Amino acid sequence: MPHPAPPAGGARCRLSSELQLPSSPARGAAVTAHLGTGRGAAPAPGAAPSQAAMTKLAQWLCALALLGSAWAALALAPPGLQPPAPLRRALLPLPVYLLVAFGCYSLATVGYRLATFNDCEEAAAELQEHIRAARADLRRRGLRLGDQ
Amino acid sequence: MAARGPGRVSVLLPTYNERDNLPLVVWLLVRTFRHSGIDFEIIIIDDGSPDGTKEVAQQLEKIYGSDKILLRPRARKLGLGTAYIHGMKYATGNFIVIMDADLSHHPKFIPEFIRKQQEGNFDIVSGTRYKGNGGVYGWDLKRKLISRGANFLTQVLLRPGASDLTGSFRLYRKEVLEKLMEKCVSKGYVFQMEMIVRARQLGFTVGEVPISFVDRVYGESKLGGNEIVSFLKGLLTLFATT
């Protein structure tokens, strides 16, 4: 294969920085899973890395299981091993907080991107102009066009 | 030109009932390539359009020459994926452009794709409606909301490393497209998505160029409940299998 560059995270892939990941459970999932599969370690292109890599679903499940069991261990520990009370009070509703935070982040992101979605008025006007020019030239060259 | 940059670009144009749009797209393509001095060929894959698209394509072949316009029709509608495979068999360029023939993709962006390709020696350059000066024309708020929502969901679930997964205006290195075509099985919007996801899996690099998408000038554009359901199904399939 003629392209030995790293597939992801390489200097040439400015795209990965474009990915705005949620700062919540999903982010944990993303980071953990990413490290877990070692995708940054550049599998040889074309060497079927897909066989070794986990599916996205498995990555999510793994990360959720990790975070979930860490949370459960701390939150549901027997009285003697429990973290201090104030910490515990913050810990118990943490999953719900994270979920709500992720929901807010999603709504805000989609809302912002919706509001800033470009309307390409000029592109449409320019296209109309180009279409007129194209029609005129094609007729001149003897093409029979529809009646539009 | 850079050593591994495009020597010749083959444009694949799958058509179905595009009698009105096809000549205009071809005219714009020819003009763009001649202005920028890029060697090109246009391969028209018409799937037995009942509206006479093929006859129009034959006229275009006469006007521009059969070395520039290659008409490679098929008997009936067989789907986009197989149209690319069919067209690619005849492609002599080392780079392939795929785009819609309905004027929603303006050929003026192709030289920018090529510049971007050379800049980073990318395997794929994808047009994106979601970045920089990219955008759409002719979409109402609901359509934009669905598009943005679907895109966000896709980014979160698949982390594909490209901002426009469902777009179909792209430049591919020929052998990369061949390889991807062997792997991709989805249909419709999901097909374009799968191409990028698999490309990243195989370690191919993807560059992006902002494009303006002008929704169909002539003819109907469709986004119904069916499209949304099949998009979600496809997304979840990719989520569970890649």
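These are legends for a set of close-up views of a predicted two-chain model.

**View 1. The two chains at a glance.** Chain A is built from five helices and zero strands, and its elements run α-α-α-α-α from the N terminus on. Chain B mixes things up, with eight helices and nine strands. Burial is computed at 28% of the 148 residues in chain A, and at 63% of the 242 residues in chain B. If you care about long-range contacts, look at pairs with a separation of 6 or more: residues 24 or more positions apart make up 52% of those contacts in chain A and 81% in chain B.

**View 2. How far to trust chain A.** Mean pLDDT for chain A comes out at 73, with 63% of its residues at 70 or more. Helix α4 (residues 94-115) of chain A is where confidence is highest, with a mean of 96, while helix α1 (residues 25-37) of chain A sits at the low end with a mean of 36. Residues 1-51 of chain A stay under 50 throughout, yet the model still gives this stretch 80 contacts beyond four places in sequence. Where pLDDT is low, the predicted coordinates should not be read in detail. So before setting anything up around that stretch, recall that its pLDDT is under 50.

**View 3. Helix α2 of chain B and its covered side.** Helix α2 (residues 53-64) of chain B has twelve residues, so at 1.5 Å a residue it should span 16 Å, and its end C-alpha atoms are indeed 16 Å apart. Its buried residues are B:T53, B:V56, B:A57, B:Q59, B:L60 and B:Y64. They take up an arc of only 160° around the axis, so they lie on the same side of α2(B). The usual helix arithmetic is handy here: with 3.6 residues a turn, residues three or four places apart point the same way. And what do the buried residues of α2(B) pack against? Their partners are α5 (121-140) of chain A, plus β1 (8-15), α1 (21-36), β2 (39-46) and β3 (69-71) of chain B. Just past the helix, B:G65 has a positive phi of about 95°.

**View 4. Helix α7 of chain B, mostly covered.** Now for α7 (residues 188-201) of chain B: its 14 residues should span 20 Å at 1.5 Å each, and the end C-alpha atoms are 20 Å apart, so the two values agree. Eleven of the 14 residues are buried, which leaves α7(B) mostly covered. Among them are B:V190, B:F191, B:M193, B:M195, B:I196 and B:V197, and the list also takes in B:E194, B:R198 and B:R200. After the helix comes B:G203, with a positive phi near 85°.

**View 5. B:I110 and its neighbours.** B:I110 belongs to helix α4 of chain B. With a relative accessible area of 0%, B:I110 is buried. Which residues does B:I110 touch, not counting those up to four places away in sequence? The answer is B:L29, B:F33, B:V97, B:M99 and B:F169. B:V209 is 99 residues from B:I110 in sequence, but the two are 9.5 Å apart in space, C-alpha to C-alpha.

**View 6. Two positive phi values outside glycine.** B:L103 is not a glycine, but its phi is positive, at about 75°. B:L103 sits in the loop between β4 (95-98) and α4 (110-120) of chain B, and at 2% relative accessibility it counts as buried. B:N121 is the other residue in this view: its phi is also positive, near 50°, and its place is the loop between α4 and β5 (124-128) of chain B.

**View 7. A cavity lined by both chains.** The structure holds one cavity of 30 Å³ or more, and the largest cavity encloses about 40 Å³. Its lining is made of A:A123, A:E126 and A:L127 from chain A, with B:L103, B:S104, B:H106, B:K108, B:S212 and B:V214 from chain B. B:L103, the residue with the positive phi of about 75°, is thus back in view as one of the lining residues. Which element gives the largest share of the lining? That is α5(A), with three residues. Both α5 of chain A and β9 (212-214) of chain B supply at least two residues each.

Note on methods: Residues numbered from 1 in each chain as written. Chains lettered and ligands numbered in written order. Predicted model: local features only at pLDDT ≥ 70, side-chain atom pairs only at ≥ 80, totals over all residues. Heavy atoms only, no water. pLDDT = per-residue confidence, 0-100. Helix = DSSP H or I, 4+ residues; strand = E, 2+ residues; numbered from the N terminus. Contact = heavy atoms within 4.5 Å. Expected span 1.5 Å × (residues − 1). Buried < 20%, exposed > 50% of the residue type's maximum accessible area, 1.4 Å probe, protein only. Arc of directions from axis to C-beta. 1 Å grid on protein atoms, 1.4 Å probe; cavity = no way out; pocket = protein on both sides within 12 Å on 5 of 7 lines; lining within 4 Å. Points joined across faces, edges and corners; volume = space filled by probe spheres on them.
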